[in-house]
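Work through the exercises below with the model open. Try each task before you read its solution.

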Amino acid sequence: GDRMRLFRVFPLPPGEKNVVGAQVLYTSDSKYASLVATNASVPLIKCVSWSPMKERPHLIAAGQQNGRVTVTGFGQEEKGQPAAFGLELVPRTSRPCLAVEWNSKHHNLIAVGLEKARADFSLLVWDLNSAGKKSMLDPPGTLQRVVSE
């Protein structure tokens, strides 16, 4: 489906083989995962990358079948800031997103690998600082690439 689910992994209590709960998955003989949150706002997900920002631990970039990348998250962050700010990065030509990755040093940069197209780049690097400011003013699809090739 088109839902992202966030689970927390726990050790099974000593001597127990089952844990009661509607949203429980067993990951091994000694651990289970319990559902924490769900995000159904991003359709046709092909790839996902977690943000390396410690201050935004539930922030993710989700690459889609149409090449768009949505920056979103799960639930509420600390200090009352929403995790999902729904920024959408749109390439010039619609084609599948094959990979998405946050820059580990410059957390405002996201690299996106797209399927090859004749007249367009296959690797885009987006600056979220620029994209976030422009997205408030301009319609979707007008965010500029800051590095290409």
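**Exercise 1.** Is E88 buried, partly exposed or exposed?

*Solution.* Note that this is a predicted model. Start with the value: E88 has a relative accessible area of 28%. Next, recall the cut-offs: buried is under 20%, exposed is over 50%, and partly exposed lies in between. So E88 is partly exposed.

**Exercise 2.** Find the salt bridge and place both partners in the chain.

*Solution.* Step one: the structure holds one salt bridge. Step two: R68 and E88 form this pair, and their closest N and O atoms are 2.7 Å apart. The cut-off for such a pair is 4 Å, so the distance fits. Step three: R68 sits in the loop between β5 (59–64) and β6 (69–73), while E88 belongs to strand β7 (residues 87–89). The two are 20 residues apart, and the pair links distant parts of the chain. Step four: R68, at 27% relative accessible area, is partly exposed.

**Exercise 3.** In what order do the three strands of the open sheet lie?

*Solution.* The order is β1-β3-β2, with antiparallel pairing. Now look at the edges: β1 (4–11) and β2 (24–26) each pair on one side only. Neighbouring strands are turned by 35 degrees against each other on average, direction ignored. Then take one pair: three bridges join β2 to β3 (residues 31–39). Within β3, Y32 is the bridge partner of Y26.

**Exercise 4.** Where is P13?

*Solution.* P13 lies in the loop between β1 and β2. Its relative accessibility is 36%, so P13 counts as partly exposed. Finally, check a distance: 8.3 Å separates the C-alpha atoms of P13 and S30, which are 17 residues apart along the chain.

Note on methods: Residues numbered from 1 in each chain as written. Predicted model: local features only at pLDDT ≥ 70, side-chain atom pairs only at ≥ 80, totals over all residues. Heavy atoms only, no water. Pairing = 2+ DSSP bridges. Helix = DSSP H or I, 4+ residues; strand = E, 2+ residues; numbered from the N terminus. Axes fitted to C-alpha atoms, helices over the stretch in contact; angles between N-to-C directions. Buried < 20%, exposed > 50% of the residue type's maximum accessible area, 1.4 Å probe, protein only. Salt bridge = Lys/Arg side-chain N within 4 Å of Asp/Glu carboxyl O.
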